[in-house]
Each structure stands twice: as C-alpha cells, then as structure tokens.
Amino acid sequence: MVRLYDIKGYGDMSNDYNFNDNDMWEGKILLEEDGWFEGIVIDSNSSYKKDSFIFGVYHPTKVIELFKFTNVDVSEPFVFHGIRDAEGYDGEFEIIGKFGSMICGISHIITQDAELARGNLDSEIDELKTRIQDYKNNTMDEVNEFFYDNYMAIRNNVCQIILRNFEGRGFTAEEAQQVMKECQSVNNMVVQATEEEAKKLGKKMPKNLFEDYDDGILF
C-alpha cells in the first residue's frame, strides 16, 4: 500500500543555512512499504516550470536519500541526503556528473503525511501515479533513464543499506556477500557506460590541445 506525502526541499550553496524560496522545490511523493518512493516536484521560482522527477529511499522519522531528475539539457541530476531533526531532514546535496558526484552545499527537506492533513486521497494518488508514468514515458532522457533503471535494479538492497547505515547496523558476512553479488552486475554496467563516455569525450578534444605548452604542463 502506498502512502502520499507532501514534500518541499531547499538548497543552499553558501553552506550558511540561508534557506529561502528562491532555491526551493515542492510537490508530492508516493511512499512504498519498503521505504522506496517516487514523486513529482516543481521548482516554484525557477524559469523552468515543468515537472521534475524525484525518487529514492525514505524512512520517516529517520532518514531520506532523494534523487532529483530534470532532463540533462536543463540540469544535471542531484542527490539530497537528509537525517531527521526537529523540523525536517538536514544534510548535504550533490550534483551528479558523468564521472561521479560533487558536493554543492547543504539542504533542508520537509515532508507531511497528506492523509493526516487532508483525508480522502484516492484521486490525488491516481493523479500523481499518472504524472510519474507520463514523465517516465515522455520526458525522461536516456541518461537519466539509465541511472534510474540501474538504481531500481538494486532497490531492495539500497533501501536496507540506507536504513542500516542510519541505525548503525551492519550486515552479516553472508548478507554482505549476497548484496555484493546482486550489485556487481549493475556496477559493471555503470563502469562500462562511464568508460564509453570518457572515450567519447576524448574524441571531442582537439588533437593539438597541448602543443602550446612546454613539456605538456598546464599552469
């Protein structure tokens, strides 16, 4: 059974906890029983007013790991890490590039159980499911689809890893071996895709890039 939550997120690249509505997105998510969620948000004060897709792992009262996707011709993907405090979920957020992620600043995420706020939610849930599926079918580009599909392939492991890390519980040797086995094939695909991107990037670089520098040293 899914549960509907309202969600709002803030980002601050100056790291001084100056959260404001200029760098804010908000929308709704559908939370599954295992902690997996998907949803749609809008950057309310951005020039880009179309839907963005969010997904990840959310264990209410504990922790949230949230990926935010807008097509790569608009923005690279982001991942928000949040640990529960008195007013929401605080942590860092990162931008995800072709060769890894880079910390951009700090974030603050607020959620609200929609059932407690509004009651009958059947129509809202159906509408959100339609928007999510429409995004996947008609908006999501190949880069984000590749990332999402590979993350979904290890969904069960990711939900457990994030929860156990928060609670300070590890895995037994047998459990760890099984997790590594299930994740290895996905990891191999990601490595292969990264190598292919690096080759494409290398082909685009001018052949005489280093000719103007003595001994090939770039200072």
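Buried residues, those with under 20% relative accessible area (exposed means over 50%, partly exposed in between, with a 1.4 Å probe and protein chains only), make up 38% of the 219 residues in the protein. This is a predicted model, in which local features need pLDDT of at least 70 and side-chain atom pairs count only at pLDDT 80 or more, while totals for chains, interfaces and linings use all residues. Residues are numbered from 1 along each chain as its sequence is written, and side-chain values use heavy atoms, with hydrogens and water left out.

The protein contains five helices and eight strands. Both kinds of element are DSSP runs numbered from the N terminus: helices are H or I with at least four residues, and strands are E with at least two. Read from the N terminus, the order of elements is β-β-β-β-β-β-β-β-α-α-α-α-α. Contact means heavy atoms within 4.5 Å. Among contacts between residues at least 6 apart in sequence, 50% join residues at least 24 apart.

The eight strands form a closed barrel in the order S1-S2-S3-S4-S5-S6-S7-S8, with antiparallel pairing. Neighbouring strands of this sheet are turned by 30° against each other on average, direction ignored. Such angles run from 0 to 180 degrees between N-to-C directions, along axes that are lines fitted to C-alpha atoms, for helices over the stretch in contact. Two strands count as paired if DSSP finds at least two bridges between them.

Strand S1 is a convenient place to start. S1 covers residues 3-12 and pairs with strand S8, residues 100-113, in the antiparallel sense over eight bridges. Within this pair, Asp12 stands opposite Ile106 in S8. Eight bridges also join S1 to strand S2, residues 24-31, and these two strands run antiparallel. Here Arg3 stands opposite Leu31 in S2. Eight of the 10 residues of S1 are buried, so S1 is largely enclosed by the rest of the structure.

The loop between S1 and S2 deserves a look at its backbone. Most residues other than glycine have a negative phi. Asn15 lies in this loop and has a phi near 60°, a positive value in a residue other than glycine. Tyr17 lies in the loop between S1 and S2 as well, and has a positive phi of about 60° although it is not a glycine. Asn15 counts as partly exposed because its relative accessibility is 45%, whereas Tyr17, at 55%, counts as exposed.

Further along the barrel, S6 and S7 pair in the antiparallel sense over five bridges, and Ile83 has Asp90 in S7 as its bridge partner. These two strands form a hairpin with four residues between them, where Gly88 takes a positive phi near 160°. S7 is then joined to S8 by nine bridges, and the two run antiparallel. Asp90 appears again in this pair, with His108 in S8 as its bridge partner.

Next come two of the helices. Helix H3, residues 142-153, lies across strands S3 (36-42), S4 (52-59), S5 (63-69) and S7 (89-97), and runs at about 150° to S5. Helix H4, residues 155-167, lies across S3, S4, S5 and strand S6 (78-84), running at about 55° to S4. Asn156 has its place in helix H4. With a relative accessible area of 57%, Asn156 is exposed. Asn156 and Gly35 are 121 residues apart in sequence, but 9.2 Å apart in space, C-alpha to C-alpha.

The last topic is empty space. Rolling a probe the size of a water molecule over the atoms shows where such space is left. On a 1 Å grid over the protein atoms alone, using a 1.4 Å probe, a pocket is an open set of points with protein on both sides within 12 Å along at least five of seven lines, and lining residues have an atom within 4 Å of a point. A volume is the space filled by probe spheres set on the points, which are joined across faces, edges and corners. The second largest pocket holds about 400 Å³ of space. Its lining has 21 residues, of which Asp23, Trp25, Asp43, Lys68 and Phe78 lie nearest its centre. S1, S2 and S6 each supply at least two residues of this lining, and S1 gives the most, with three residues.
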